[in-house]
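Reader: I should like to go through the terms used for this protein and ask what each of them rests on. May we begin with the figure?

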Amino acid sequence: MSSDEAIQAEGLSKSYAVYEKPRDRMKQMFLGWRRQYHRDFRALRNVSFQIHRGETMGIVGCNGSGKSTLLQLVAGILVPSQGMVDVQGRVASLLELGAGFNPDYTGRENVWINGAILGLTPKEIASRYDAIVDFAGIGAFVDQPVTTYSSGMMLRLAFAVAIHVEPDILLIDEALAVGDELFQQKCFARIRALRASGTTIVFVSHAATQIIELCDRAMLLDRGELLATGHPRDILGHYRRMIFAPPDKREQVRQSIPIAMANAPSHVPQQAALGTERVEDAFESELKPQEPMEYESRGARIGEMVLINSEGRQVNALQRGLRYHCQYDVTFDRPAFHVRFGTAFRNKTGIQYAGSFSAMSSEQCIQQVQPGTRVRVQFAFDCRLNPGVYFMNAGVYGRVDKDETLMHRKVDTFVFRVQPVMGNIETGEIFFNLQPNVRILPDDETPPDTPKSTCSILAILAVRNVAKTLGRVLQHYAENNIDVHVIDHSSTDETAQIVESHGPSTVIGYEKHPFDGYFRWGDMLKRKDQVFAESTHDWVLHADGDEILESPVSGESLREMIERLHQTDAEVIDADEFVFVPTSDDEDYSGSDFVSEMKLYYHFAPPGRTLHRCVRKSAATAAWFATGGHGATVNADRIPKEKIRLQHYVGLSLDDLRRQYLGRVFRGPELQKGWHLNRVATSPGFIVPPDPDQMLDLSIEGWRADLPLSHHLFFSAGPDYQAPEILSPKDTGHAPMPFIVGVGRSGTTLLRLMLDAHPDMVMTPETHWLPDVLALFKEDPSDVERLESLVRGNPKWTDMGLPDEAWEKVIRRHDPEKPDETIRRIYRAYADKHGSPRVGDKTPLHNRSMHAIASMLPEAHFIHILRDGRDVAVSHRDLWFGPGKDVRAAASSWVWNIREARQQAEFVPHYLEIRFEDLIANPEEVLRRVGDFIDLPFDPVQLDYHRYAEARLQELGDQQEGDSLVTAEQRKAIFERTKHPPDPSRIGRWRKEMNEEDVRLFENIAGDLLKDLNYPESVRSLL
């Protein structure tokens, strides 16, 4: 054994005698010379290895592979059956922690006993006692009997004793999962310190990250045999490949491991030398994995893995900060169910940095694939890695023969490189955007006793494609030590990369919201109000990505201004808005420090508008959504006269302005509120260069707020201006017409009867014919024959009970140029039948047709009644309509219908949501709110609706439903409860009538929507 080796084993074996029966042991003792009464179990078989001084060796393998036996042989606890093991130096073992503890002795006494067992002299124990107790962190319990300790406390003390032996060789057997996370961190730090000091460490663990992080080499044991020794990443890769192999292929894989390790070249491709220039995305053909690994297929096969950049090109030399797609195709050879896919990124030592699945729940998976199916999988990701070489893995999982299995996996089969970044000074492999601030302190400067900052400040920015200005704005907030939360309305430029480059030291929150063609300023303001409410900061700023906020006091920063006013009783700091804009097509401030370069501005101050941009969290409430981005709920006496100077850089060139505003489409309700003034640009001639004579020159006149302008100088609506195509309220001359919509069994009938009881309102039975008629009018409004077939041929038409002459009167006056009037006449005929001045409709399924109805009838006001979906599911049971007893179908139907209604609501001008639970508990309050919505004064008779329900339900006739005839009596029985006053017992029925399994199934599908609607979850919250 050379002096460089700490441990050497040659032909090491360990066998145990295994007896079938207890008496066989006695027979072996006395009659063993005749025959053998036991069988030999070989825990280790002819194992040979060397471990160098100062080296850390990991041991991996399945349970029962001989790992612990090997450590015990090295420690001298066991004697080998064959072979030899030579150990040079003092050995400490972290094997059976606390094995030498006496539970009746105190912790102090056990430290002395256990220390002696581990080979420490009394003098050594005394010198290390305080450090041991401090490391264990059990405080005064050290003088209490160990029998009073929790198992965690006992293990902490045992570990502390063992770790302070300061051995030449340390043996660890799954002993690093002791105590809480903070204690584990101390354990790892101590292990690393021993490793750094030259201690030889032999480490058994099933935690791959610990093996990779701590070990220089690793060995793979299986069934007592040493299969391979090598780099930890390679060994773990073969280990995983072996244990995940199909049973019939496992032995073949096992036998291939020694051969693969013997022939393996260097496992990591060389990284190109770091340069100082950032190059473009590229594909480097020589950058290939030298040791890819592929698991045996179990019915699926992953094809070639590629990385694709934003231009659609395949690359493997990436740039930090950009977005890429990892892509691979999967071909299936056999049927599979609940299929999902995964990908992961690892570094060259095998540590996984990130990973994701395509779905977690079975409902989100691909439900079924057949042989021959080919699936393309893509994972988009932001590259946040520092320069270096990294590997990509892929896997496909599915349910095959009733068991979920790993159908195929590729490990380290794709290698990519993150290229050098100019000026990068960070070390490590993950980009944290660390920002150094180093200065030499004067001799007379001492650290302040208290922080200079007296308050915390958060700026909430709503942005969309403002990359030209955003970097300078975020830099401004960073300089002022102001936190930023960015709400991104699905930017398509470099906005996301710019946000990321400023890192968590400035941008503490970033969220991206979808864009469906409409600029949703209202949604952004709602989210700002929510972030304000959730914030724990002292002050919150409402700003955008093209605005610089500053103090009007020379030499005072924005932070210093807010901190100064923080010392007063100010609740809000208002702002003066100064707009900077180019005056010709020759001006372009892109790429420059526009804050210092742009000099021409004007003071923008429309009458009646106040910019409440900075709000004290504890004293005021943001009301930015209610006021279009301007207001807050404050005490008017607590607004200081001085204002923040808001510098608005609406465009760094006129082309930039046109890109920002041309073709921007706003939602109808926002236009109604006048939020966007004349910014609704729809033609290239809408934006014109402003007259420089109307603007102020900052370099000559300084800051002036005495010449306010109520309109932007660069917006000029020409004669060809057209408003965007969106449903907006029209002056139709017709009273608001209520349409009650919702999921079946949500209370639509109850609300119908309440409105119907009003002396001035009559509500029709369900008009299932209306969507078909609207589709006909869009296709061919002159087809009277088909119109009559659609209306009078619909089973629901008979419920209206209109005589033939009433229909004939309607159809005779039909004008294809005015089909909307035909629909109104049908409703008018029903109102005349009941002598009512106003009419409304109740058809739950019209939630899918709201946009079409509002397009034809602008007076339509949609009232969407919501009810806890679990109660809906309970009410649907045993009915001929709806999803019936299948709770999963009920959940899916409930979610789909509500989301469909809310999506439709985005395109109609009049929409109101109410709740069944509120209608039951506070009917008058809800009816007044509905009345305000449809301009119908509340009448107390509406609360006595049940007295008139019988007559209204008489309209329900026999109807064909599927293969069976549903009689009028059966239909009326469903609505029996509407003949009685509101019944609070109808709220929360599911708690008594749904079993736990059904609740779990429902919430697994509908839990997110329940949460959005503030209905309490039960089972799912405990999973």
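**Terms and their grounds**

Author: Strand 22 runs parallel to strand 25 (residues 539–544), and 6 bridges join the two. In that pairing, A462 has D544 of strand 25 as its bridge partner. The model under discussion is a predicted one.

Reader: What makes strand 22 and strand 23 a pair, and in which sense do they run?

Author: A pair requires at least two bridges between the strands. Strand 22 and strand 23 (residues 483–488) share 6 bridges, so they qualify as a pair, in the parallel sense. One position to inspect is I460, which stands opposite H485 in strand 23. In general, the strands of a sheet pair through backbone hydrogen bonds, either parallel or antiparallel.

Reader: Which helix joins strand 22 and strand 23 in a β-α-β unit, and what is the handedness of that unit?

Author: Helix 10 (residues 467–479) completes the unit with strand 22 and strand 23, and the unit is right-handed. The term is used because, with the strands pointing away from the viewer, the path from the first strand over the helix to the second runs clockwise.

Reader: Why is strand 22 called mostly covered?

Author: A residue is buried when its relative accessible area is under 20%. In strand 22 (residues 457–463), 7 of the 7 residues are buried, and therefore the strand is described as mostly covered.

Reader: How do you know that both faces of strand 22 are covered?

Author: In a regular strand the side chains alternate between the two faces of the sheet. In strand 22, one side carries I457, A459, L461 and V463, the other carries L458, I460 and A462, and all of these are buried.

Reader: What makes helix 13 mostly covered as well?

Author: In helix 13 (residues 558–566), 7 of the 9 residues are buried. These are L558, R559, M561, I562, E563, L565 and H566. For the protein as a whole, buried residues make up 51% of the 1023 residues.

Reader: Why is C614 said to be in no disulfide?

Author: A disulfide requires two cysteine sulfur atoms within 2.5 Å. The structure holds 0 disulfides. For C614, the nearest cysteine sulfur is that of C455, 8.5 Å away, so the criterion is not met.

Reader: Is C614 buried or exposed?

Author: C614 has 0% relative accessibility, and because buried means under 20%, C614 counts as buried.

Reader: Where is D868 found, and why is D868 called buried?

Author: D868 is found in the loop between strand 38 (860–866) and helix 25 (869–876). Its relative accessibility is 4%, which is under the 20% cut-off, so D868 counts as buried. Leaving aside neighbours within four places in sequence, D868 is in contact with W894, E917, W990, L1010 and Y1015. A contact means heavy atoms within 4.5 Å.

Reader: In what order do the strands of the parallel open sheet lie, and which are its edge strands?

Author: The 5 strands of this open sheet lie in the order 36-37-35-38-39, with parallel pairing. Strand 36 (762–764) and strand 39 (911–915) are the edge strands, since each pairs on one side only. On average, neighbouring strands here are turned by 25° against each other, direction ignored. At one edge, strand 36 pairs with strand 37 (residues 839–842) in the parallel sense over 3 bridges, and M763 has G840 as its bridge partner in strand 37. Helix 23 (residues 819–833) lies across strand 35 (737–742), strand 36 and strand 37, at about 125° to strand 36.

Reader: What is the pairing in the open sheet of 6 strands, and which are its edges?

Author: The pairing in that sheet is mixed, and its order is 5-6-7-3-8-9. Its edges are strand 5 (91–94) and strand 9 (225–230), each of which pairs on one side only. Neighbouring strands in this sheet are turned by 15° on average, direction ignored. Strand 8 (residues 217–222) runs antiparallel to strand 9, joined by 5 bridges, and A218 has G230 as its bridge partner in strand 9.

Reader: Which strands does helix 8 lie across?

Author: Helix 8 (residues 232–243) lies across strand 3, strand 8 and strand 9, running at about 25° to strand 8.

Notes. Residues are numbered from 1 along each chain as its sequence is written. This is a predicted model: local features need pLDDT of at least 70, side-chain atom pairs count only at pLDDT 80 or more; totals for chains, interfaces and linings use all residues. Side-chain values use heavy atoms; hydrogens and water are left out. Buried means under 20% relative accessible area, exposed over 50%, partly exposed in between (1.4 Å probe, protein chains only). Helices (H or I, at least four residues) and strands (E, at least two) are DSSP runs, numbered from the N terminus. Axes are lines fitted to C-alpha atoms, for helices over the stretch in contact, and angles run from 0 to 180 degrees between N-to-C directions.
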